[in-house]
Amino acid sequence: MNETCGICGGDGQIANAFGGGSKRCPACNGTGRKSEESTLLRDVTKTKPSHHRPQGKGERAPKQTWPATFEGGQLAKEVQQSSCSEDIKSKLIREIIEYETSHGNCTQTFIKKIRKQVRPRSS
Ligand SMILES: [Zn+2]
């Protein structure tokens, strides 16, 4: 374990082959000790990240288009089945999702408020 590095002779530095000064010994990483095991481990951890490519921007979760709670879903269904225009429907459903996201669920007051804006199909 504490063997002297065979590359640098134990001083942790090797003469630069291209002339001028010396640099840290790559075999012992400047410790002057033979440490094949730790070098090996370092190499393994060094090559690992290249296999894990960073996630691209396009891999984010898709935009929520439907309420997550039961009440919100029921309410959104009522909106969908109403005779409102598609514009109003999507606006109301977005409102439900936003309310849900900030409040955690849909209160009866909110449900009533949405229902008031939705005219049920008369035919
Ligand atoms: Zn060395």
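Is Lys89 buried or exposed? In this predicted model, Lys89 is buried, with a relative accessible area of 6%. The side chain of Lys89 nevertheless takes part in a salt bridge with Glu86, at 3.4 Å from N to O. Glu86 counts as exposed, at 55% relative accessibility. The two residues are three apart in helix α3, which means that about one helical turn separates them. An α-helix has 3.6 residues a turn, so residues three or four places apart point the same way.

Helix α2 is a useful place to go next. This helix runs over residues 70-81, twelve residues in total. At 1.5 Å a residue it should span 16 Å, and its end C-alpha atoms are 16 Å apart, so the expected and modelled spans agree. The buried residues of α2 are Gly72, Gly73, Leu75, Ala76 and Val79. They cover an arc of only 165° around the axis and therefore sit on the same side of α2. Exposed residues Phe70 and Gln81 are carried on the face turned away from that buried side. As for what covers the buried residues of α2, the elements include α3 (residues 86-103) and α4 (residues 108-117).

Helices α2 and α4 are also joined through charged side chains. Arg115 and Glu78 meet in a salt bridge, with 2.8 Å from N to O. Arg115 belongs to α4 and Glu78 to α2, so the pair ties together parts that are 37 residues apart in sequence. Both ends of this bridge have some accessible surface: Arg115 is partly exposed, with a relative accessible area of 41%, and Glu78 is partly exposed, with a relative accessible area of 30%. Side chains of opposite charge can pair when their charged atoms come close.

A further salt bridge involves α3 and α4. Lys113 pairs with Glu95, and their closest N and O atoms are 3.4 Å apart. This pair links distant parts of the chain, since Lys113 is in helix α4 and Glu95 is in helix α3, 18 residues apart. Lys113 counts as partly exposed, at 44% relative accessibility. The pair does not stand by itself: Lys91, Glu95 and Lys113 are linked in a network of salt bridges.

How many salt bridges are there? The count comes to four, where a side-chain nitrogen of Lys or Arg must lie within 4 Å of a carboxyl oxygen of Asp or Glu. Among them are the Arg115 and Glu78 pair, the Glu86 and Lys89 pair and the Lys113 and Glu95 pair.

Definitions and conventions:
Residues are numbered from 1 along each chain as its sequence is written. This is a predicted model: local features need pLDDT of at least 70, side-chain atom pairs count only at pLDDT 80 or more; totals for chains, interfaces and linings use all residues. Side-chain values use heavy atoms; hydrogens and water are left out. Helices (H or I, at least four residues) and strands (E, at least two) are DSSP runs, numbered from the N terminus. The expected span of a helix is 1.5 Å times one less than its number of residues. Buried means under 20% relative accessible area, exposed over 50%, partly exposed in between (1.4 Å probe, protein chains only). The arc is that of the directions from the helix axis to the C-beta atoms. Contact means heavy atoms within 4.5 Å.
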